[in-house]
Amino acid sequence: MHLQKLITHLQKLDKAHLKRFTEYVHSPYFKVPAAAVALFNYLETLYPRFDEKKFTPAQIAQKVKNLPSENKQAKAGSELIKALERFLATERWLANDRAVLIETMWQEIELHWDILAADNLDKLYEKLELDKDRNIDYFYDRHIAATIEKSGFNAKKVRNHNNDISPAIKTLDEYYAIKKLRYHCELLSRSTFFGTTYTKENIEELLTILKPYNNLAYPYPFIFMNIYHIFSAATHQAGQDSYLKLKKYITDIEKGEISQSAKECIDYLISYNLNWF
């Protein structure tokens, strides 16, 4: 089928995404090639069914004057796919307000706009405080905040013993610890059910680093530290303490407020019970 990959991608967009993509394609800022814009303008009229009879090379050539040949249409289609991929990446980025703040700060630091960068750093810390889940992204952004604070504009202003970059190192250790612990939980689960290889490596060091976060103020580390404990327990009884903590955590969640990490926790608890019963 002509332009099959492009049509498949466009069919998967819901109406809201299509509307925003239309705005993206027509914006001069994103510099989508004119031939790709012309092709999109025609294909948009076929959404969502995209009747095959209406986007044959001959039909497109008739409807879109500057795309008379199949080769030109294919090239325009490739450019449109590139535009769609960039649009989706932009959408994902804009949905993460902390990521936007971080990238803004890096640009401000590069331009020596220190006052604006300092204001945005305060905003980033405020947003981090509001994070209820405290997941891997939280720990990563926390590390970036510490890095910016200790190596950017503040480093120039504070030229004494308080200019200590150890918080950046500490938050980096914590970020890698929670990320690796998440992988360890999955490795251990697959080892339990599928017999895949599992080696502990430096798990004790990871658990030590994360020990201050094994509480309900930090749901994500709390969940996965206890998940690790129940799957690594030699007996069902040995894992009961962690199991009951997680069970109470899930039970206490208010209706309609369940997070992605809580959903993962439920999946692991079900797997845990299936393993023993």
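α1 passes α5 in a left-handed crossing, where left-handed means that the near helix is turned anticlockwise from the far one by less than a right angle, a clockwise turn being right-handed. Before I go on, please keep in mind that this is a predicted model, in which local features need pLDDT of at least 70 and side-chain atom pairs count only at pLDDT 80 or more, while totals for chains, interfaces and linings use all residues. Residues are numbered from 1 along each chain as its sequence is written, and side-chain values use heavy atoms, with hydrogens and water left out.

Let me stay with that pair of helices. The axes of α1 and α5 come within 9 Å and cross at roughly 35°, the axes being lines fitted to C-alpha atoms over the stretch in contact, with angles from 0 to 180 degrees between N-to-C directions. The helices themselves are DSSP runs (H or I, at least four residues), numbered from the N terminus, strands being E runs of at least two. On the α1 side the contact (heavy atoms within 4.5 Å) is made by K5, L6 and H9, and on the α5 side by G77, L80, I81 and L84. Sorted by class, this contact of α1 with α5 has four nonpolar, two polar and one charged residues; Ala, Val, Leu, Ile, Met, Phe, Trp, Tyr, Cys and Pro count as nonpolar, Asp, Glu, Lys and Arg as charged, and the others, Gly among them, as polar.

Now to α5 itself. What span should the 25 residues of α5, residues 70-94, have at 1.5 Å a residue? The expected value is 36 Å, and the end C-alpha atoms of α5 are 36 Å apart, which agrees; the expected span is 1.5 Å times one less than the number of residues. The buried residues of α5 (buried is under 20% relative accessible area, exposed over 50%, partly exposed in between, with a 1.4 Å probe and protein chains only) are Q73, A76, G77, L80, I81, A83, L84 and F87. As a reminder for reading that list, an α-helix has 3.6 residues a turn, so residues three or four places apart point the same way. What covers these buried residues of α5 includes α1 (4-11), α2 (15-26), α3 (34-44) and α4 (57-63).

Two of those covering helices deserve a closer look. K19 is found in α2 and counts as exposed, at 54% relative accessibility; 25 residues separate K19 from E44 in sequence, and their C-alpha atoms are 9.9 Å apart in space. N41, in helix α3, is partly exposed with a relative accessible area of 33%, and its C-alpha atom is separated by 9.4 Å from that of H26, 15 residues away along the chain.

I turn next to α6 and its two partners. Helix α6 (residues 97-110) packs against helix α7 (residues 114-130) at an angle of about 160°, with the axes 9 Å apart. That makes α6 roughly antiparallel to α7, on a scale where angles under 35 degrees are roughly parallel, over 145 roughly antiparallel, 65 to 115 roughly perpendicular and the rest oblique. The crossing of α6 and α7 is left-handed, and the residues that make the contact include L101, M105 and I109 of α6 and L121, L124 and L128 of α7. By class, it has nine nonpolar, two polar and five charged residues.

With helix α8 (residues 136-151), α6 packs at an angle of about 20°, with the axes 11 Å apart, which makes α6 roughly parallel to α8. Here too α6 passes α8 in a left-handed crossing. The contact is made by R98, I102, M105, W106 and I109 of α6, together with D137, Y138, D141, I144, T147 and I148 of α8; seven of these residues are nonpolar, one is polar and three are charged.

Finally, the loops. In the loop between α2 and α3, K31 has a positive phi of about 55° although it is not a glycine, and K31 counts as exposed at 70% relative accessibility. H112, in the loop between α6 and α7, also has a positive phi, near 65°, in a residue other than glycine, and at 57% relative accessibility H112 counts as exposed. In the loop between α3 and α4 we find P48, and the peptide bond from Y47 to P48 is cis, with omega near 5°. D14 lies in the loop between α1 and α2 and counts as partly exposed at 39% relative accessibility; D14 and I165, 151 residues apart in sequence, are 46 Å apart in space, C-alpha to C-alpha.
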